[in-house]
Amino acid sequence: SDARVGVPVACARADAKLHVRRPPPTPLSCSFACGTYRRSNGRQKRPRHRGNVHVAAKTKEGRDVEHERVHARECHRAFVAWVPRAAARDDTPSFASQETKRRTDVHLGAMFRAVHVCAWRWRRVGTTCRWMQVDETRRRACWCTCAWKCEDGAWLERGNDATAAGTGWLGRNALDARPESLQTWAKHAMKTSQAWVEVAVAEAPSPSTVHALDRLSDAICQVLDAAELLRNVHQDRTYASTAQRVCNELNQFVHELNANPQLHRAVERALRAMQAKGCHEKCETFLVGESLKLEFENGGVHLLLEAKQRWQRSQEAEHRAAVAFSRNLTENQKLGSVEVPLSMLESHLPKHVLKTLLKGCLSNQDGIVNLTTDSSTVAQLLKWIPDERIRKQAYLSCARTPVENQGLLDVILVERSTQARLLGYDSYSELLAQNRMAKNPAAVARFLDELWLEIEAQARSELERLRCFKKARVGNDEVAVWDYAFFTGMAKAEACSIGAIQVSAYFHIENCVRGIGLLAQRLFGLEASESNPSRQEVWAEGVRRLDFYDCRQSHRGTMYLDLYPRPGKFNHAAHFTVRCGICNDKGMVRPPIVALVCNFQDSETHLLTHQEVETLFHEYGHAMHSLLSQTRLQHLSGTRGALDFVEIPSHFFEHFVWDHRFLRCFARHHKTEEVIPRRMVEHLRASKRMFQAMDMQTQIVYAVFDHRLHAHPPSLGADCSALFRNVHNKYSVLQQPEGSNWHLRFGHLVNYGGTYYCYVAAKILSRLLWEMHFEADPLSEEAGRELALKLLGWGGARDPSIILVGKLHMASPGLLPTGRSLEDDVGRTCLSFNEEFHFRHFRPFRHNFVRGLLRMDAVGGPTPVVWMHRRVRSLLCGSTGPGR
Ligand SMILES: [Zn+2]
C-alpha cells in the first residue's frame, strides 16, 4: 500500500532511501548544486564556485539579509521541483539506477543542509506576512535538525515524518519488536527536543518561537503517545512494562520542560509580539502559544525553587498513585468474587456472554462457579441473573474492591489539590477549567444541578413504572441499585419485543467495519482501505489496519482496530492518538495514526451487540476528529483540544447507529443477508427512551461526585464513600446501600479527574448538533462537508465555544460562555450576544430544551431546537417574535 502514499509521493520515496544514510560530517560546508539562484537585484546569477555555497560562513562575514532570504527560497524551490523529477525518472522506489541514487545522495543531502541553514537565518529577519512560507521551508529544515542532532540512527525521524506509515511497530520505523527500540527512540526524542529548546530560546520573539516549541512537543509526543498505547495494549508484558518506564521517564522530562523559565519567557515574548501584530484567538499559532503558556504555568514555572520542587514531588506521587489505581482494576486477584450456580448461568446468560464469562473458570462438585467480579462480569450478572441475592452480592463485591484503591484515591486527591493550591487556584477543578469550555467550576456545578432539576420529575415517574413492573413479576416493589439493569432490561425487552440476540444478528463485525468505511465515504468523501498489517507492525495478533484516502488519493490517516479482549489489556474502550497529523496549504503533509481499542465480547460468530456498535462508533468519532483535523501545528490537532469539547464529536457519531437510514446501508443479517428491518430500529429507539431520565441521573451522579471530589476535596482519610452515598441519594431516585465504595472502580476519576461532566454536556450538545444538521438526512454530503470543515477540521485550534456557537447558531445551553462577540465561520454574520440577551431569551429555553430532549420523539410539534431556531431568526430580523 506504500505505492498509494499521498502527499508528497516523491519525497516519501526519496526519504525512504535517505533514512539509511549517515549524516554528512561537516554540516556547514555544504555543497549546493542546483545551478542558479536569484540575487536581490533580480538578476539570475551563477554561483561563483559552481556547486559550492558556504552558507553559514559567509553569513557571519556579513552577507546581506536580502540575499539570504532569496537564497533560501530558491534553495527550497529547487528542492521541491527536483525531487519529483528525480522520482519520475525512476519508477521504482528503490532508485534502481545508480546515477539517480548518486544524484539523490548528493542533491538531497546538500539541499537539506543548505535550506536548513538559510531558513534559520531567513526566519529571524522574516516579516510576519511571510512567516507561513518560512514555515514551509522550515518544515523540511526541521527534519534536518533532528537528523543532525542524532548520532545514531540518523535521518530516522525524517523517514518517519514523510512516509505515511513505515514498516516498524505501529508504522513507526523507529520501533521494532525489541522493547529496547522504544527506549532508544525515547532517548533520541529527548536529545532532539534539547536542540529545540536551544532554538526556541535563541529565537527573536515571533510566531516561529511557537513553531519551534511545537516541534519540540512533537518530538516528545510521538514517543509518548506510542508508549502510552503500548503500555496499555501490548500482548508481551515485558514490552508493556518497558513502555510504562518510557512513559514515566518522558512524563518526568515534560514536567521539567514545563518548568523551564527560559521557555516560558520565550513564549510570553512571542505572544506579546504576535499580539502587537494583531494576532488573536482565531490565529492557530497564537492559540497554540497560549495553550503552551498555560501548560508552562500549570507546570509551576513561576514558582520559587522550594515550591517548584514540592510541586514536582506532588506530581510524581499523583502519577504513581494513578498508575497503580488503574493497574489494580486489571488485576483479577485484587478484585472480589461471587459464587453462582453453573446451571443458573447456563439458563439465563446468552451463549457468547457465558463463554467469555466462564473462560478459565471451573465449577466445583456442587456445580458452583466462582466468578471474579471484574466490571464487565458484574455488568453481565446484573443484567441477566434473576436471583436478587446473587445480583446483590455481585454488586457489593464490585463496590468494595480493590481495597487498595481507597488509599490511592486519597493520595491522588490530596496531591491534586496541593498542586492547584501551589499554583494559586482554590481547587483542582478551578485549575482544570482554565482550558475547558466551562471556564469555571461554578458553571459546571450549575449546569449539572439545572439538568438534574429538569429531569427529576420524569425520573420519578420512570421509577414508579419500574416499581409496578417489578411488583407484577416478583411481588415486591423495592427497586435497589442492583435491580436496575435487570428489570429495566426486562421491561425494555417486553415492551419492545426484541431481544439483544436478534439485534446482534445484524451486526457482524465485518458489517460494522464496512459501516465505518461507508460513513467516512458518504459524509467526508474518504475511502477506507483495509490492509493486513504485518506481524512486525502491530502489538498483538488480530489487530486490523484501515487507511483512509481522499478523492485525490492522498493518504489522510491510518486507523488500527484492536477490538477483542486479552489478558492484561486495557479493559475499556478508547481512542489513542499514535501520531498527530499536520497540514499545510496544500493538504495533509503528515497523516495521523490512531488506534481504536475496544473489548467486545469475543465470540465465534463475531456479532456485536447494539451497545457495542454504539461504542465502536463513539471511538470512531474520536478517530474522525483526529483524521479530519487540519492544523498546521500538531499541538492542538485532533483530539488535543479542550476535553469538554472533544467528547462532542464522539457522542455525535453515536447517533448514526440509531438511524435506520444509515443502518440499512450496512447492517445485514449475518446468515440471510436481509437488511435490518425499520421496525427493529424503531423498537431500539423506543427502548432507549424508556428509562432515559434514570440513565441520565446515573451520569449526573458520576459527574457531580467527580466534580465535588475535585472542587471541594475531602481531607486525607475522610470518607469518600459517605460523599458518594450522599451525592447518589440526592441526585438519583435509587438509593445506594451502606458500605458501598463504588468509586474504587471509577477509573475516570484517575484518567479524567474533574471532567466527567464532559460526558453529560457532550450528550446534550451532540444531540443538538444532530438535530440541527443531520436529523433531516443523516448521510447528507453537504452536512458532512460542513461538519468536517467547521467543526472537526479545527481540531483544538479554535476556542470550542466559538466553533459550537457558529455551528449551532446559538448561545447553547449551560456551559458555553456568553457575553462575547461571536462571528460565524464564514464571517458573513456577526451576532452579538450579551448577558442580558442571554438571560432573557435563552435561560427559559435551556429548561425547555432538556425537557424536550427527553421527550423528543414522544411529542409532536416543533422540537425546542426548531423553536429556538425560529426565535433566533425572529430576533435577528428585528421582529418581536413569539412570546414563549
Ligand atoms: Zn469518548
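A residue counts as exposed when its relative accessible area is over 50%, as buried when under 20%, and as partly exposed in between. K359 has a relative accessible area of 56%, so K359 is exposed. This structure is a predicted model.

**Around K359**

K359 sits in the loop that runs between helix 14 (351-358) and strand 4 (368-372). L371 is twelve residues from K359 in sequence. In space, the C-alpha atoms of K359 and L371 are 10.0 Å apart.

**The chain as a whole**

The chain has 884 residues, and 58% of them count as buried. Its secondary structure comes to 34 helices and 13 strands. Take the contacts between residues at least 6 apart in sequence: 73% of them join residues at least 24 apart. The accessible surface comes to about 36300 Å². Carbon and sulfur atoms hold 51% of that surface. The structure has zero disulfides. Two of its cysteines, C720 and C758, appear in the table below with their accessibility.

**The zinc site**

Which residues coordinate the zinc ion? They are H618, H622 and E647. Each histidine donates through NE2, while E647 supplies two OE donors. The distances run from 2.1 to 2.4 Å. Along the chain, the donors follow the spacing H-x3-H-x24-E.

H618 and H622 both belong to helix 23 (residues 610-628). They are four residues apart there, which means that about one helical turn separates them. H618 is buried, and H622 is buried as well.

Why does the site of the zinc ion count as irregular? The angles among its four donor atoms range from 54 to 144 degrees. Four donors count as tetrahedral only if all angles lie between 85 and 135 degrees, so this range rules out that label. For comparison, the ideal angle for four tetrahedral donors is 109.5 degrees.

**Nonpolar cores**

The largest nonpolar core has 126 residues. Within it, F507, F524, M559, Y620, M624 and F653 touch the most other members. Helix 19 (residues 441-474) gives this core its largest share, eleven residues. Another core lies apart from it and has 54 residues, among them L229, F253, W539 and V578.

F653 shows what such packing involves. Setting aside neighbours within four places in sequence, F653 is in contact with L519, F524, F617, Y620, G621, M624, L787 and L792.

**Backbone details**

Where does P402 lie? It is in the loop between helix 16 (388-398) and helix 17 (404-422). A cis peptide bond joins T401 to P402, with omega at about -10 degrees.

H606 is a residue other than glycine with a positive phi, near 55 degrees. It lies in the loop between strand 11 (593-597) and helix 23. H606 is partly exposed.

E673 also has a positive phi without being glycine, and its value is near 70 degrees. Its loop connects helix 25 (660-663) and helix 26 (678-690). E673 is partly exposed.

**Accessibility of selected residues**

| Residue | Relative accessible area | Class |
|---|---|---|
| K359 | 56% | exposed |
| E673 | 49% | partly exposed |
| H606 | 29% | partly exposed |
| H618 | 8% | buried |
| H622 | 7% | buried |
| C758 | 1% | buried |
| C720 | 0% | buried |

Methods: Residues are numbered from 1 along each chain as its sequence is written. This is a predicted model: local features need pLDDT of at least 70, side-chain atom pairs count only at pLDDT 80 or more; totals for chains, interfaces and linings use all residues. Side-chain values use heavy atoms; hydrogens and water are left out. Donors are N, O and S atoms within 2.8 Å of the metal (3.2 Å for Na, K and Ca); water is not among the atoms, so sites may look incomplete. Four donors count as tetrahedral if all angles lie between 85 and 135 degrees; four count as square planar and six as octahedral if opposite donors are over 155 degrees apart and all others between 65 and 115; anything else is irregular. Helices (H or I, at least four residues) and strands (E, at least two) are DSSP runs, numbered from the N terminus. Buried means under 20% relative accessible area, exposed over 50%, partly exposed in between (1.4 Å probe, protein chains only). Contact means heavy atoms within 4.5 Å. Accessible areas come from the Shrake-Rupley method with a 1.4 Å probe; for residues, only the protein chains shown count as cover. A disulfide is a pair of cysteine sulfur atoms within 2.5 Å. A nonpolar core is a set of buried Ala, Val, Leu, Ile, Met, Phe, Trp, Tyr and Cys residues joined through side-chain atoms within 4.5 Å.
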